[in-house]
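Q: Please take a close look at one part of this structure, then work outward from there. Keep it brisk, and say which numbers back each point.

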Amino acid sequence: MYLTKEEEQTLNGEAGETLRQAIEILVALGDIYGADRLIPIKSAQIAGVSYKTIGDAGLEWISDLEGRVKVPAILNPAGMDLEDWKRLRISPEFAEKQKAIVRAYEKLGIRCECTCTPYTLEGFSVGYGDHLAWSESSAVSYANSVIGARTNREGGPSALSAALLGKTANYGFHLDENRVPAVSIKVECPLEGSDYGALGYAAGKVVGSRVPLFYLRDTPGKDELKALGAAMAASGAVALYHVDGVTPEAKKVTFEVPEETIVIERSQIDEVYESRGGAGKEPELITIGCPHCSAAELRRVAELLEGKAVSKETWIFTSREIAKRYPEYVGTIEKSGAKVVCDTCMVVSPATNSYSCVMVNSGKAFAYVPGMCGAEAVYGSMETCIEEATCTEKAAGKKEKKAGGSH
Ligand code: F3S
């Protein structure tokens, strides 16, 4: 791999130990994947933030680093709402560790925005063809597919190294030849809303890590594409997909039609809704916002909850910036008893581990909640999730049962 004179010097430790370690990580990855050189990046999004996932070893590694990032960089969701961690009953011990992790990142000049939707943030704009070093799989998928930017799915340490150097190794999805679709997916049934998350869940299982080119009957919106990509990255390892006539690269580049075609039927999408975990267990917790809710999704949740009261614990996850921008939606949601929670999510927060059955409207959460939180997951549309959250008959039925049982 070719290195400039300055990069050679950095690798020799002349720019300090932190940058030496950082470039060593990037050069090692570049050598493994056949990169020719390092290329400048526009921004970084760094995973490995929740104390639940990185523990003391991660905290120690980040705390030892010195210097400042060279490009705008933000963090993936942490293990708790950083301003109001008590509301999800996080322990003080966990909160202390989590705060220490965020402080260690902040010391390096990283913006303390903990979100998997960096593309919605002010001052973090991303455009077609931009090279990035992002970590979180749904953000990577969105950047590559919906925006047409270029990023590999970085690990926490490599994204942090790229942020400190302002560069990444030129391999994988930074190169044209790796962005070509390898398999076509045809879906002929109509789709809307959470159907895209269910489609992504089903498609990811058959596509694995290949680049699919979708032929869809309907034109999905941005939030639907976000849900599709997030689910495919979780049930499979898809970091880039195209939708014929919709996503920017599919519109600009003339791809050869892939040899293999997979047809996904409505019944496969319905199966995701029907495959209730926990053998018919009742959801105890309702969660929305994986990936973090956009402004439009937050507005929709507010509309659905307006004038109602939740009878089950209900958490709506979004970025702090979106929550601050739309206090009226937050107000309406919280009036119902549901909680708008920032900086974290149902998967990376330990709070979810106290529940045995969780309802989600996200294919990604549906894939991850069982393994990461030890809870069964039930899939439903946003509307069904809110119905479940506000269903008074079920709550009344439960109370009656309890009252009956105590006599
Ligand atoms: Fe984001 Fe957490 Fe889902 S990081 S994509 S909300 S699992």
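A: Glu 136 is buried, with a relative accessible area of 7%. The cut-off for buried is under 20%. The model is a predicted one. Glu 136 sits in the loop between β5 (133-134) and α5 (137-147). Its side chain makes two polar contacts worth checking. One runs to the side chain of Ser 138, at 2.5 Å. Another runs to the side chain of Lys 364, at 2.3 Å.

Glu 136, Ser 138 and Lys 364 are all listed among the residues around the ligand. The rest of that list is Pro 77, Cys 116, Gly 289, Cys 290, Pro 291, Cys 345 and Val 347. Sorted by class, the shell holds six nonpolar residues, two polar ones and two charged ones. Where does the ligand lie relative to the domains? Domain 1 (5-176) contributes residues to the shell, and so does domain 3 (280-396). The ligand therefore lies between the two.

Strand β11 (residues 285-293) supplies the largest share of the shell, three residues. Pro 291 lies in this strand and belongs to the ligand shell. The peptide bond from Cys 290 to Pro 291 is cis. Its omega is near -5 degrees. Cys 290 is also in the shell, so to speak of that bond is to speak of two residues around the ligand.

His 292 is part of β11 too. Its relative accessibility is 0%, so His 292 counts as buried. What does its side chain touch? A polar contact of 2.8 Å links the side chain of His 292 to that of Thr 115. A polar atom of the His 292 side chain also lies 2.8 Å from the backbone oxygen of Thr 344.

Now take the backbone on the Asp 343 side. Asp 343 is found in the loop between β13 (339-342) and β14 (357-360). Its phi is positive, near 70 degrees, and Asp 343 is not a glycine. The residue is buried as well, at 2% relative accessibility. Arg 89 has a positive phi too, about 55 degrees, again without being a glycine. Arg 89 is placed in the loop between β3 (73-75) and α4 (92-107). Here the burial is the opposite: Arg 89 is exposed, with a relative accessible area of 70%.

Next, helix α6 (residues 156-165). Nine of its 10 residues are buried, so the helix is largely enclosed by the rest of the structure. The buried residues include Gly 156, Ser 158, Ala 159 and Leu 160. Leu 164 and Leu 165 are also among them. Gly 166 follows α6, and its phi is positive, near 75 degrees.

Further out there is an open sheet. It has four strands in the order β9-β8-β7-β10, paired in parallel. β9 (242-243) and β10 (260-263) are at the edges. Each has a single partner strand, so one side of each has no neighbour in the sheet. Strands of a sheet pair through backbone hydrogen bonds. Five bridges tie β7 to strand β8 (residues 212-216), with the two running parallel. Ser 184 has Leu 213 of β8 as its bridge partner. Toward β10, strand β7 (residues 183-187) makes four bridges, again parallel. Val 183 faces Glu 260 in β10. β7 is mostly covered, with four of its five residues buried.

Finally, the whole chain. It has 16 helices and 15 strands. Its radius of gyration is 22 Å, close to the 22 Å given by the globule rule for 407 residues, so the chain is as compact as a globular protein of that length. Along the principal axes, the C-alpha atoms fill a box of roughly 80 × 55 × 35 Å. Buried residues account for 57% of the 407 residues. Back at the starting point, Glu 136 is one of those counted as buried, and its side chain is in polar contact with that of Lys 364.

Conventions. Residues numbered from 1 in each chain as written. Heavy atoms only, no water. Near = heavy atom within 4 Å. Nonpolar A, V, L, I, M, F, W, Y, C, P; charged D, E, K, R; others polar. Domains from an automatic or database assignment. Buried < 20%, exposed > 50% of the residue type's maximum accessible area, 1.4 Å probe, protein only. Polar contact = N/O pair within 3.5 Å; in protein donor to acceptor, adjacent residues only side chain to side chain. Pairing = 2+ DSSP bridges. Rg over C-alpha atoms; globule rule 2.2 N^0.38 Å.
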